[in-house]
Amino acid sequence: PDLVPGRTMPSLARPGTHHHIPSSERTVMSIPKTARVVKVAIPLNPDLEDAFLEAQTLMVAAIEELIRTYPQRVAARLAERGIDPLDQEAREPVAAEIKAEDETVEKEVTGRAEAALQAVIDTTRTFKFRSLGRTTYRKLIAAHPPTDADHTAARVESGDMNARASWNRETFFPALVHAASVGPQLTEAEVTEIFESPDWSDGEVGLLVQGAIKAQISTSQIA
């Protein structure tokens, strides 16, 4: 539609249409393809996470309390100074005074929450996983065939008595995390340490596995 008389919105070509390449010159590799990368952020210090959540809760509670009690505090200050609450001209400086005090409190509690959040950010590690390419990915799966226990787990988890597992989860997952990791590029020993460490929860290890798998099967979100 015309947003401005005499002017129309430009037409945007969707990714992959290659309008700038004549059809006679198009080839599969007209545009270099880079591997898809998936990022997974893992906070490494749960205590700092708890401290941030506590600071955030206190910040919200403090600000809500200031908002809730503002009218009463203004009224109390007016009464202390013997000012008629209906005297708007005399009331405005008092209200501004209370508001300035509240802003100081808000800045303080917000600052504590922001500092706590920054501490979490500073101790968060981002792991990057890249696509291995379908041939390499399928070879990796084939190298870790599922066991009877994997098939049983697949049937229990899906509720489908005919379900079959695709891989041996005990060996395939660490192998995939090792093979797909690029930032940092994790060694087999480092992956083993992560998978076996009592400091890494099953959920955190699962996030790494999900990131590595997603890098293999994800597609463009805009094409």
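## Exercises: a small sheet and its helices

F172 counts as buried, at 0% relative accessibility. Keep that residue in mind; it comes back in Exercise 3. One caveat before we start: this is a predicted model.

**Exercise 1. Work out the strand order of the open sheet and which strands stand at its edges.**

Step 1. Start with the layout: the three strands run in the order β1-β2-β3, and their pairing is antiparallel.

Step 2. Now count partners. β1 (37-43) and β3 (181-183) have a single partner strand each, so one side of each lacks a neighbour in the sheet, and these two are the edges.

Step 3. Add the geometry: from one strand to the next, the twist averages 35°.

Step 4. Compare the ladders. Seven bridges join β1 to β2, while β2 (residues 124-130) and β3 are held in register by two bridges. For landmarks, take V40, whose bridge partner in β2 is F127, and F129, which sits opposite S181 in β3.

**Exercise 2. Sort the side chains of β1 by face, and say which ones are buried.**

Step 1. Recall the general pattern: in a regular strand, side chains alternate between the two faces of the sheet.

Step 2. Apply that here. V38, V40 and I42 point to one face of the sheet, and V37, K39, A41 and P43 to the other.

Step 3. Check burial: the V38, V40 and I42 set is buried, and the other set is not.

Step 4. Look for what lies across the sheet. Helix α7 (residues 202-217) lies across β1 and β2, at about 170° to β1. Helix α5 (residues 169-180) lies across β2 and β3, at about 40° to β3.

**Exercise 3. Classify the ring pairs F127 with W200 and Y137 with F172.**

Step 1. Get the total: with ring centres within 6.5 Å as the cut-off, the count is five aromatic pairs.

Step 2. Take F127 and W200. Their centres are 6.1 Å apart and their planes make 70°, so this pair is edge-to-face. F127 is in strand β2 and W200 in the loop between α6 and α7, 73 residues apart along the chain.

Step 3. Do the same for Y137 and F172: 6.3 Å between centres and 50° between planes, a tilted pair. Here Y137 belongs to helix α3 (residues 134-142) and F172 to helix α5, with the two positions 35 residues apart.

Step 4. Check accessibility. F127 is buried at 6%, and Y137 is buried at 10%.

Step 5. Widen the view: ring pairs join Y137, W167, F172 and F173 into a cluster.

**Exercise 4. Describe how α5 packs against α7.**

Step 1. Find the axis geometry. The two axes come within 9 Å and cross at roughly 65°, and the crossing is left-handed.

Step 2. List the contact residues: α5 brings F173, L176, V177 and A180, and α7 brings L208, V209, A212, I213 and Q216.

Step 3. Tally by class: eight nonpolar, one polar and no charged residues.

**Exercise 5. Find where the cis peptide bond at P184 sits.**

Step 1. Check omega: the bond from G183 to P184 is cis, with omega near -5°.

Step 2. Place P184: this proline is in the loop between β3 and α6 (188-196).

Note on methods:
Residues are numbered from 1 along each chain as its sequence is written. This is a predicted model: local features need pLDDT of at least 70, side-chain atom pairs count only at pLDDT 80 or more; totals for chains, interfaces and linings use all residues. Side-chain values use heavy atoms; hydrogens and water are left out. Two strands pair if DSSP finds at least two bridges between them. Helices (H or I, at least four residues) and strands (E, at least two) are DSSP runs, numbered from the N terminus. Axes are lines fitted to C-alpha atoms, for helices over the stretch in contact, and angles run from 0 to 180 degrees between N-to-C directions. Contact means heavy atoms within 4.5 Å. Rings of Phe, Tyr and Trp (its six-membered ring) pair if their centres lie within 6.5 Å; planes under 30 degrees apart count as stacked, over 60 as edge-to-face and the rest as tilted. Buried means under 20% relative accessible area, exposed over 50%, partly exposed in between (1.4 Å probe, protein chains only). A crossing is left-handed if the near helix is turned anticlockwise from the far one by less than a right angle, and right-handed if clockwise. Ala, Val, Leu, Ile, Met, Phe, Trp, Tyr, Cys and Pro count as nonpolar, Asp, Glu, Lys and Arg as charged, and the others, Gly among them, as polar.
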